[in-house]
Amino acid sequence: MAGFDKRVSSYEEAMAGLEDGMTLLAGGFGLCGIPENLIAEIKRKGTRDLTVASNNCGVDGFGLGLLLEDCQIRKMIASYVGENALFEKQLLDGDLEVELTPQGNLAERMRAAGAGIPAFYTATGYGTRIAEGKETRLFGDRHYVLEEALPGDFAIVKGWKADTYGNVIYRHTARNFNPLVAMAGKVTVVEVEEIVAPGELDPAAIHTPGIYVDRLICGTFEKRIEKRTVRG
Amino acid sequence: MALTREQMAQRVAAELEDGFYVNLGIGIPTLVANYVPAGIEVMLQSENGLLGMGPFPTEEQVDPDMINAGKQTVTAQPGASIVDSADSFAMIRGGHVDLTVLGAFEVDVQGNIASWMVPGKLVKGMGGAMDLVAGAENIIVTMTHASKSGEPKLLQACTLPLTGAGCIKRVLTDLAYIEIENGQFVLKERAPGVSVEEIIRKTGGELVVPDSVPEMTVAG
């Protein structure tokens, strides 16, 4: 491996350096666009006491739900959880801590972390319990809440295509949180469906430039559908 | 007669205007898409990053990479665009969405809305609701006028944890269309066959009743 080639040869190598107690950011919305093989590798590896930030926490037996099985997650930062029974049980038993964060704040907190912005003001949540204990400020005639950036020790991302330099394109709504997660990780690991040579992707079509990406691996994906809904 | 869910959706749809970008929440709001008046175009925004949401797919069109904010498989309409979650909420927070329709547990005379948690019950999260109510200028809340046990949901002050403060101006229930003005509910329309007395009885917060309250127009 040389220069800008971000490829690693195994999932073990992709997640090397992830340690107990670290903060992990994970892309995906529901089960759409989740880095399913990287999550499976974390389960295999057995890393514990993780703080995981992701919009949701998967379902029983798939996605981030896998990391609940061996109690690898200590704290979950998400906008919507509880699609899985195991999550509910660990929460009620006090084995799992949850920080519920408005979805737009979660995305912007990650973007801010990647963009070098330590905090930002937003009207979201003003006057609600989400704003309790946080600084507020009046701009014009509206109140705003100071929300802090959310950086990660590791970020795991699911892309569609990438070149070997780690320039990534996402497919359809599988983009969701992935580009923001990619920006916010100290170590950003991306798994994709196809890796091509530099120059094969249109530079203007790149969603995540390789500068944000540290490691890249090509995988195969189950892409489980959470709510299959078809026209009658 | 109280409005059915479909009739509520139909009444909300009458508020759509040509060229509106609209975010529809889960439940009754989703049904509004079925009643877009003839001759106008609206584009649906789904906060997971899809602007220009189309109908549900056929079996052949199902694509795990194409879902809506309710995690259902969907399609994109011609002219759609897809963005990441930060850009999607920039549209919402930045006030670019023309109309947001969402459900609630309670609304009060100050325009406060509670829709995301009931203490003592398992809390699943607010998803994008707090961002939506804070960002949109134009919001319609849809909910039943009273709970199943008959408790009012239009209150002097919300009892449940808030989703947003002072952000709601319009509420459509199965009994009435109500606007919030100067710290009061104002009864604008009633469902066909529903008496003003019934609406007064089932409203918890201060309700102003004009001399004439027309019946709303909905199809059977």
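Okay, let's begin with a question: in which sense do strand 9 and strand 10 of chain A pair, and over how many bridges? Strand 9, residues 161–163, and strand 10 run antiparallel to one another, and two bridges hold the pairing. One thing before I go on: this is a predicted model, so please hear everything today in that light.

Let me stay with that sheet for a moment. It's an open one with three strands, in the order 10-9-12, and the pairing across it is mixed. Strand 10 (168–169) and strand 12 (194–196) of chain A sit at the edges with a single partner strand each, so one side of each has no neighbour in the sheet. If you want a residue pair to find on screen, look at A:K161, which stands opposite A:I169 in strand 10 of chain A.

Next, another strand pair in chain A. Strand 5, residues 119–122, runs antiparallel to strand 7, residues 142–148, and four bridges join the two. Here A:A119 stands opposite A:E148 in strand 7. Now, in a regular strand the side chains alternate between the two faces of the sheet. So which residues of strand 5 of chain A point to the buried face? Those are A:F120 and A:T122, while A:A119 and A:Y121 point to the other face and are not buried.

While we're inside chain A, have a look at A:L67. You'll find A:L67 in helix 3 of chain A, residues 65–69. Its relative accessible area is 0%, so A:L67 counts as buried. Leaving out residues up to four places away in sequence, A:L67 touches A:I39, A:I42, A:K43, A:Q72 and A:I73. As for A:C32, that residue is 35 residues from A:L67 in sequence and 17 Å away in space, C-alpha to C-alpha.

On to salt bridges. How many does a search of the whole structure find? The answer is 26, over all chains. I'll take you through a few of them.

A:E99 and A:R109 form one, with the closest N and O atoms 3.2 Å apart. A:E99 is in strand 4 (residues 97–100) and A:R109 is in helix 5 (residues 103–115) of chain A, so this pair ties together parts that are 10 residues apart in sequence. What about accessibility? A:E99 is partly exposed at 26%, and A:R109 is buried at 9%.

Helix 5 of chain A also gives us A:R111 and A:E108, whose side chains meet in a salt bridge at 3.2 Å, N to O. These two are three residues apart in the helix, so about one helical turn separates them. A:R111 comes out partly exposed, at 30% relative accessibility, and A:E108 comes out buried, at 14%.

Over in chain B, the side chains of B:E137 and B:K169 meet at 3.8 Å, N to O, in a salt bridge. B:E137 is in the loop between helix 4 and strand 8 (139–142), and B:K169 is in the loop between strand 9 (154–155) and strand 10 (170–172) of chain B, so the pair ties together parts 32 residues apart in sequence. B:E137 is exposed at 64% relative accessibility, and B:K169 is partly exposed at 45%.

There's also a network: salt bridges link A:K158, A:R171, A:E193, A:K223, B:D63 and B:D65.

That brings us to the interface. How much area do chain B and chain A bury between them? About 4100 Å², with 59% of it on carbon and sulfur atoms. On the chain B side, B:D65, B:K71 and B:K124 lose the most area to chain A, together 20% of what that side buries. The contact itself takes 46 residues from chain B and 49 residues from chain A.

Five salt bridges run between the two chains. One of the salt bridges has B:K71 with A:E83, where the closest N and O atoms are 3.5 Å apart. As for polar contacts, 27 residue pairs turn up across the interface, both partners at pLDDT 80 or more. Helix 3 (85–93) and helix 4 (129–135) of chain B each supply at least two residues of the side that touches chain A. The largest share of that side, four residues, comes from helix 3 of chain B. By class, the side of chain B touching chain A has 23 nonpolar, 14 polar and nine charged residues.

That's my tour. Over to you.

Terms used: Residues numbered from 1 in each chain as written. Chains lettered and ligands numbered in written order. Predicted model: local features only at pLDDT ≥ 70, side-chain atom pairs only at ≥ 80, totals over all residues. Heavy atoms only, no water. Contact = heavy atoms within 4.5 Å. Buried area = accessible area lost by both parts, 1.4 Å probe. Salt bridge = Lys/Arg side-chain N within 4 Å of Asp/Glu carboxyl O. Polar contact = N/O pair within 3.5 Å; in protein donor to acceptor, adjacent residues only side chain to side chain. Nonpolar A, V, L, I, M, F, W, Y, C, P; charged D, E, K, R; others polar. Pairing = 2+ DSSP bridges. Buried < 20%, exposed > 50% of the residue type's maximum accessible area, 1.4 Å probe, protein only.
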